[in-house]
Amino acid sequence: MTQTISKTPPSKTPAPVTDERVAKRNPLQKLLGRPEVGALVGAIVLFVFFASVSQTFIQPNAFATVLYGSSTIGIMAVGVSLLMIGGEFDLSTGVAVISSALTASMFSWYFATNVWIGVILALMVSLAIGFINGWILMKTKLPSFIVTLASFLMLTGLNLGLTRLIGGSVSSPSISAMDGFGSARAVFASSVTIGGVDVKITVFIWFALVAVASWVLLRTKVGNWIFAVGGDANAARAVGVPVKATKIGLFMAVGFCGWILGMHNLFAFDTVQSGEGIGNEFLYIIAAVIGGCLLTGGYGSAVGGAIGAFIFGMANKGIVYAQWNPDWFKFFLGLMLLLATIVNLIVKRRAELK
Amino acid sequence: MTKFSWRKAALVASVVPMLALSACSSTGGKAPDAAGGAAGGQVVSTPKLKIALITHAAPGDTFWDIVRKGAEEASAKDNVELLYTSDPEGGRQAQLIEQAIDQKVDGIAVTLAKPDALKDALKKATDAGIPVVSLNAGESVSAQLGAFTHFGSNEKLAGTAVGDKLRSEGLSHPICVIQEQGHVGLEARCAGVKEKLPATEILYVAGTDMTQVSSTVTAKLQATADADSIVGLGAPFTLTILKAVNAAGSKAKVASFDMNAELAQKIADGEILFTVDQQPWLQGYGAIDAIWQNKRGGFEIGGGQPVLTGPSIVDKAAAADALKFAKEGIR
């Protein structure tokens, strides 16, 4: 994390007597105090491990595939990490992605419009889903678990019901021949060739989102608000943080990430199955938790969520490259989740004690 | 009340369609409704029957749409009120059967994907004198659970058909992509392929997330460069696999199980070698019609043997015909 390192180098002149409360901590200790350090260690171990058991794993092509697999989790993990730092979580993310893709495809298909109109509408729907989640949460003061569980179920039903009602089938019709599809595909689902390796555009979108989210978290007022509402909402309110707006905004940020991934799904595969997406919400939460976000809020980072997604991508694809029996994949994923969180806990406690 | 302005109305009438048109897509989109569905002929004069079709379909699976369409068409012809329900979980599917018994249905058509879970509920049905027909899954246990016949395609047989066809194309090292880990029917398909082509490798992907299907297939193609073909076990998955194969620049040939309109188009275009169709429409139609026949004259079709609805191989030569019907949603 370059952002955290102070820009002015420490002065060489002997410092006057300093207050111990503002004493400089040594850099290693500072690094160990970062939320994503446990995940980083895990990612390095996993990378070295797969690189040693499979020759293919470290080839540039294969690595691009791993990054693509990670990015489709990672894009959502950015939003979900921010939300978890803000003290809430969202179970509707997996199906909300599909809702967004279905909205764009069904609308532009049914009215035979340019697909970009569907894309814009889908953005509005995704943001609205986020807004409604956040608004109900703030109005009712129910736990976000309940509110988003309800929206998860409702969206699942809406996806299936509306798709059949409008399109007459449970998958959306192909829109690949429609106006604007080519340009939309170039934006959401193209590949960029770097040194002879095709890298999917989602990887760059993912990196960009992580950078923006990190900047917001660490360098802006809004970032402080997010940590504050996640740490203690009442205390935050008392010092003038707009708790309601921050939380609703976070849900809308998740909606925005869902829109990007939904559009990728749509333009990469032309059609969308209305029953897809169920269960993916947990992958996003797993990525965020492995990356050091606390379920209780107030702690975590966007980079951590990205590393969490990268760990998922490596484990998921690494098993294929290593030609292993995939029966054990879920077991390893669970084990990794447990180990990563325990490491996080230990490292954090140690760093804070010193 | 304000006076109705014809000028304003004319303005609205001319501007609104213009706005709509300016954003229109010149190609694709919803086709204008064709006049009159061709479904069904004359309705029979037998008294109205109530038949339950209870499947293990997961919501949102295109395959079951086709089964259901077959069942609906048979119901329309046979003067049947069709009660369609489904639940992928065995225990809850059993409850659906019991509910159907409570509703005093005249017959039950059921898929036997989880036979052990359904055993007791089906016994209740046969004890109550309700004729039972099984379809799609559970060929081997059908008679044992009291169904008088079974409509389906043998998964293993379909797999061996694919294996044979691949071999006749000169291919020997396929990757068989299973989209749901631990699914007996899908495993049987790949086992059938492997029986004919021992070099077959099996790849598991998460069918609930197409991006993961795509990236995992790409990974596998990179890991096994000597694979010469790849088989998807469902139309939407094969289409995604095809994209991954093209994007990876792999030379592997693509084959498939099951069917939809887009897949038929790709076969007609020569991008996909062939697919094995188990003709799901026939399963739905046959199951409902068999119950009607049974009520009509106590007939039991099949002679105690399953009625096979497949495998039927659709290659480039057969794809044009299949495409027409796939667009109607019945192939």
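Chain B has eleven helices and twelve strands. The model is predicted. Of the 331 residues of chain B, 51% count as buried. Among the contacts in chain B with a separation of 6 or more, 73% are between residues 24 or more positions apart.

**The side of chain B that touches chain A**

In the contact between the two chains, 35 residues of chain B meet 44 residues of chain A. On the chain B side, the elements that give two or more residues are α2 (62–77), β7 (201–204), α7 (210–223) and α8 (235–247). The largest share, eleven residues, comes from α7(B). By residue type, the side of chain B that touches chain A divides into eleven nonpolar, 17 polar and seven charged residues.

**Helices α7(B) and α8(B)**

Two packed helices are described by the angle between their axes and the distance between the axes. For α7(B) and α8(B), the angle is about 45° and the axes are 9 Å apart. An angle that is neither under 35 degrees, nor over 145, nor from 65 to 115 counts as oblique, and α7(B) and α8(B) are therefore oblique to each other. The crossing of α7(B) past α8(B) is right-handed.

From α7(B), the contact is made by B:Met210, B:Val213, B:Ser214, B:Val217, B:Thr218 and B:Leu221. From α8(B), it is made by B:Phe237, B:Thr240, B:Ile241, B:Lys243, B:Ala244, B:Val245 and B:Ala247. The residues of this contact divide into nine nonpolar, three polar and one charged.

**Strand β5(B) and its partners**

Strand β5 of chain B covers residues 149–152. B:Thr149 and B:Phe151 point one way from the strand, while B:His150 and B:Gly152 point the other way. All four of these residues are buried. The pairings of β5(B) with two other strands of chain B are set out below.

| Strand paired with β5(B) | Bridges | Direction |
|---|---|---|
| β4(B), residues 132–135 | three | parallel |
| β11(B), residues 307–308 | two | parallel |

In the pairing with β4(B), B:Val133 stands opposite B:Thr149 in β5(B). In the pairing with β11(B), B:Gly152 stands opposite B:Leu308.

**Two single residues**

B:Ile230 lies in strand β8 of chain B, which covers residues 229–232. Is B:Ile230 buried or exposed? A residue is buried if 20 or more other C-beta atoms lie within 10 Å of its own. B:Ile230 has 28 other C-beta atoms within 10 Å, so B:Ile230 is buried. Not counting residues up to four places away in sequence, B:Ile230 touches B:Pro174, B:Ile175, B:Val177, B:Ile241, B:Val245, B:Ala252 and B:Val254. Among them, B:Ile241 and B:Val245 also take part in the contact of α8(B) with α7(B). B:Ile230 and B:Asp116 are 114 residues apart in sequence, and their C-alpha atoms are 33 Å apart in space.

B:Pro115 lies in helix α4 of chain B, residues 115–127. With 18 other C-beta atoms within 10 Å, B:Pro115 is partly exposed. Which residues is B:Pro115 in contact with, leaving aside its neighbours within four places in sequence? They are B:Gly138, B:Val141 and B:Leu145. B:Pro115 and B:Gly138 are 23 residues apart along the chain, and their C-alpha atoms are separated by 7.0 Å.

Definitions and conventions: Residues are numbered from 1 along each chain as its sequence is written. Chains are lettered from A and ligands numbered from 1 in the order in which they are written. This is a predicted model: local features need pLDDT of at least 70, side-chain atom pairs count only at pLDDT 80 or more; totals for chains, interfaces and linings use all residues. Two residues are in contact if their C-beta atoms, placed from the backbone, lie within 7 Å. Helices (H or I, at least four residues) and strands (E, at least two) are DSSP runs, numbered from the N terminus. Ala, Val, Leu, Ile, Met, Phe, Trp, Tyr, Cys and Pro count as nonpolar, Asp, Glu, Lys and Arg as charged, and the others, Gly among them, as polar. Axes are lines fitted to C-alpha atoms, for helices over the stretch in contact, and angles run from 0 to 180 degrees between N-to-C directions. A crossing is left-handed if the near helix is turned anticlockwise from the far one by less than a right angle, and right-handed if clockwise. A residue is buried if 20 or more other C-beta atoms lie within 10 Å of its own, exposed if 12 or fewer, and partly exposed in between; C-beta atoms are placed from the backbone. Two strands pair if DSSP finds at least two bridges between them.
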